[in-house]
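User: I should like to learn how the features of a protein model are read, one at a time. Please give the general idea in each case and then apply it here.

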Amino acid sequence: MTKRPLVLLDVDGVLNPARRPTMRHRRHDVTLDGRTYRVLLNARHGPKLLALAAGAEADLVWATTWEEHANAEIAPRLGLPPLPVIHVTGDLGTRTGEHFKTRHVAEYVAGRPFVWFDDSLRPPDWQYLMDHPGVGEFLLVEVDPQTGLTDGHLARAREWLTGRALGLDDAGAASPEPAP
Ligand SMILES: [Mg+2]
């Protein structure tokens with residue numbers, strides 16, 4: 001079984017923040033099933049995510065309610081290739097406080113280490129993943145939906161993935177928060 005790490009990507013609140021946080025975010029109108037959605041995307045995020053994945057020998061995967069639409073509408077605007085999609089909208093039964101995507105993610109990862117960028121992660125999600133027998137090491141990177149993905153989030157992910165590659169136990173063992 002492959003142990004290549006995964007980097008899970010949300011769209012709304014992560015790549016598409018609620019407000020325009022930088023001048024690099026450009027507005028796009030995306031029409032799906034006759035409805036038009038206004039999205040704010042920073043084209044630099046594509047190359048940065050590709051560099052993160054390449055440096056860590058990790059695979060980028062969509063974990064968003066956009067599902068396949070992310071490949072049609074988001075990926076090309078960021079310079080990303082089509083990515084695997086975790087189907088997150090099917091009903092997996094009653095939840096116990098975790099986000100509806102979390103059970104789908106737990107099934108998908110199948111023991112592979114993963115970093116998850118999302119704006120909806122809370123303690124019940126962490127607990128669910130910790131308790132799930134099919135889930136290995138992971139890092140949840142909670143993103144503020146007002147500002148979306150930042151270089152700081154990417155750096156946290158890179159540190160964690162690099163620490164794993166060096167055989168260190170976890171991000172805590174690898175390096176405490178560096179002093180400013
Ligand atoms: Mg979101």
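**Reading the helix packing and the metal site**

Analyst: This is a predicted model. A first example is the pair of helix H3 (residues 100-109) and H4, whose axes come within 10 Å and cross at roughly 25°.

User: How is such a pair of helices described in general, and what are H3 and H4 to each other?

Analyst: Two packed helices are described by the angle between their axes and the distance between the axes. Angles under 35 degrees count as roughly parallel, and H3 and H4 are therefore roughly parallel to each other. Their crossing is right-handed.

User: Which residues of H3 and H4 meet?

Analyst: From H3, Thr 102, Arg 103 and Ala 106 meet Asp 125, Tyr 128 and Leu 129 of H4. By class, this contact of H3 with H4 comprises three nonpolar residues, one polar and two charged.

User: At what angle do H1 and H5 pack?

Analyst: The angle between H1 and H5 is about 10°, and their axes are 10 Å apart. That makes H1 roughly parallel to H5. On the H1 side the contact is made by Lys 48, Leu 49, Leu 52 and Ala 56, and on the H5 side by Asp 151, Leu 154, Ala 157, Arg 158 and Leu 161. The classes in the contact of H1 with H5 are six nonpolar, no polar and three charged residues.

User: Is Leu 161 buried or exposed?

Analyst: Burial is read from relative accessibility, with under 20% as the cut-off for buried. Leu 161, in helix H5 (residues 151-165), has 3% relative accessibility and so counts as buried. Leaving aside neighbours within four places in sequence, Leu 161 is in contact with Pro 5, Val 7, Leu 52, Ala 56 and Val 115. The C-alpha atoms of Leu 161 and Phe 114 are separated by 8.6 Å, although the two residues are 47 residues apart along the chain.

User: What is the relative accessible area of Gly 46, and which residues does Gly 46 touch?

Analyst: Gly 46 belongs to helix H1 (residues 45-56) and is buried, with a relative accessible area of 0%. Not counting residues up to four places away in sequence, Gly 46 touches Leu 78 and Leu 80. Gly 46 and Ile 74 are 28 residues apart in sequence, and their C-alpha atoms are 9.8 Å apart in space.

User: Which residues of helix H2 are buried, and what covers them?

Analyst: In helix H2 (residues 68-78) the buried residues are Ala 70, Asn 71, Glu 73, Ile 74, Ala 75 and Leu 78. Their cover includes S2, strand S3 (35-42), H1 and strand S4 (59-62). After H2 comes Gly 79, with a positive phi near 75°.

User: How should the metal site be read, and which residues coordinate the magnesium ion?

Analyst: One begins with the donors and then places them in the sequence. The magnesium ion is coordinated by Asp 10 (OD), Asp 12 (O) and Asp 119 (OD), at 2.1 to 2.2 Å. The donor residues are spaced D-x1-D-x106-D in sequence. Asp 10 lies in the loop between strand S1 (6-9) and strand S2 (25-32), and Asp 119 in the loop between strand S5 (114-118) and helix H4 (123-131), so the pair ties together parts that are 109 residues apart in sequence.

User: Are Asp 10 and Asp 119 buried or exposed?

Analyst: Both Asp 10 and Asp 119 are buried.

Technical notes
Residues are numbered from 1 along each chain as its sequence is written. This is a predicted model: local features need pLDDT of at least 70, side-chain atom pairs count only at pLDDT 80 or more; totals for chains, interfaces and linings use all residues. Side-chain values use heavy atoms; hydrogens and water are left out. Donors are N, O and S atoms within 2.8 Å of the metal (3.2 Å for Na, K and Ca); water is not among the atoms, so sites may look incomplete. Helices (H or I, at least four residues) and strands (E, at least two) are DSSP runs, numbered from the N terminus. Buried means under 20% relative accessible area, exposed over 50%, partly exposed in between (1.4 Å probe, protein chains only). Axes are lines fitted to C-alpha atoms, for helices over the stretch in contact, and angles run from 0 to 180 degrees between N-to-C directions. Angles under 35 degrees count as roughly parallel, over 145 as roughly antiparallel, 65 to 115 as roughly perpendicular and the rest as oblique. A crossing is left-handed if the near helix is turned anticlockwise from the far one by less than a right angle, and right-handed if clockwise. Contact means heavy atoms within 4.5 Å. Ala, Val, Leu, Ile, Met, Phe, Trp, Tyr, Cys and Pro count as nonpolar, Asp, Glu, Lys and Arg as charged, and the others, Gly among them, as polar.
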